Amino acid sequence: MIKAVFPGSFDPIHNGHIDIATRAARVVDELVVAVYDKPLKNFLFTPEVRMGMVREVFKDNPKVTVCGYSGLTVKFCESINAQVMIRGLRVFSDFEYEFRMALANHRLSPNVEMMALITSDEHSFLSSTTVREIAALSGDVSTMVPPHVAAILKSKFEALGDDHSIVPTQNVRD
Ligand code: ADP
């Protein structure tokens with residue numbers, strides 16, 4: 001039985017994430033989409049809201065479960081007996097970052113293998129940062145995120161009005 005973890009911030013989840021998770025779930029027995037909480041990052045949405053958005057996406061996929069975690073991703077993988085960590089690769093700069101992370105993670109937890117899936121070309125430009133920035137300026141994100149995520153983004157930015165000071169402008173490498 002291969003159990004894999006697809007970790008990320010998912011702030012918010014978008015079609016690029018969904019594509020990677022769906023494809024990964026086809027080749028493993030169980031996929032845990034793990035939503036990162038803290039420390040080190042600023043988020044637009046709370047962990048509960050981010051997890052809720054992810055759960056809604058995968059509610060009909062019996063191979064996928066969703067949970068939150070904090071701290072080191074490899075330690076989380078070990079704690080739930082997952083042998084594999086899934087990552088998505090977009091552009092060459094992702095490769096350099098993922099290469100470094102994979103080597104560091106392997107040093108920490110040699111038993112957890114990383115599997116990187118290449119993005120589908122229609123999602124290669126997509127990041128949560130891009131989605132947040134477009135939604136913050138009332139742009140149309142309907143081709144980038146599922147309808148329930150678009151609705152949550154809309155109400156979030158309506159509630160914030162012109163105050164975008166809490167919108168994180170960039171994640172670690174987005
Ligand atoms: P992180 O904070 O770990 O970068 P993200 O939520 O931004 O978390 O991304 C989670 C995972 O999804 C990462 O492996 C990232 O490379 C991958 N990913 C993000 N956007 C895309 C995309 N457009 N296509 C494929 N993979 C992606």
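Ala-4 stands opposite Val-84, a residue of strand 4. The model you are looking at is predicted, and strand 4 makes a handy starting point for a tour of it. Strand 4 covers residues 84–89, and this stretch pairs with strand 1, residues 3–8, in the parallel sense over 2 bridges. From there we can step out to the chain as a whole, then stop at one residue in helix 1.

**Strand 4 and its partners**
- Strand 4 is mostly covered, with 5 of its 6 residues buried.
- Besides its pairing with strand 1, strand 4 is joined by 6 bridges to strand 5, which spans residues 113–118.
- Strands 4 and 5 run parallel.
- On that side, Leu-89 sits opposite Ile-118 of strand 5.

**How the chain is laid out**
- The protein chain holds 6 helices and 5 strands.
- Read from the N terminus, its elements follow the order β-α-β-α-β-α-β-α-β-α-α.
- The radius of gyration is 16 Å, close to the 16 Å that the globule rule gives for 174 residues, so the chain is as compact as a globular protein of that length.
- Measured out along its principal axes, the C-alpha trace spans about 50 × 35 × 30 Å.

**Inside and outside**
- Of the 174 residues in the protein chain, 45% are buried.
- Take the contacts between residues at least 6 apart in sequence: 78% of them join residues at least 24 apart.
- The chain exposes about 9,200 Å², and carbon and sulfur atoms supply 57% of that area.
- As for charge, there are 18 positive and 21 negative side chains.
- The centres of the positive and negative sets lie 5 Å apart.

**A closer look at Asn-15**
- Asn-15 belongs to helix 1, which runs over residues 15–27.
- Is Asn-15 buried or exposed? Its relative accessible area is 18%, and buried means under 20%, so Asn-15 counts as buried.
- Leaving aside residues up to four places away in sequence, Asn-15 touches His-123, Leu-126, Thr-143, Met-144, Val-145 and Pro-146.

**To take with you**
- If you want to find your way around on screen, begin at strand 4, which has strand 1 as a parallel partner and strand 5 as another.
- Then turn to Asn-15 in helix 1, and pick out its contacts, including His-123 and Pro-146.

Conventions. Residues are numbered from 1 along each chain as its sequence is written. This is a predicted model: local features need pLDDT of at least 70, side-chain atom pairs count only at pLDDT 80 or more; totals for chains, interfaces and linings use all residues. Side-chain values use heavy atoms; hydrogens and water are left out. Helices (H or I, at least four residues) and strands (E, at least two) are DSSP runs, numbered from the N terminus. The radius of gyration is taken over C-alpha atoms; the globule rule is 2.2 Å times the number of residues to the power 0.38. Buried means under 20% relative accessible area, exposed over 50%, partly exposed in between (1.4 Å probe, protein chains only). Contact means heavy atoms within 4.5 Å. Accessible areas come from the Shrake-Rupley method with a 1.4 Å probe; for residues, only the protein chains shown count as cover. Lys and Arg count as positive and Asp and Glu as negative; His and the chain ends are not counted. The place of a charge is taken as NZ of Lys, CZ of Arg, CG of Asp or CD of Glu. Two strands pair if DSSP finds at least two bridges between them.
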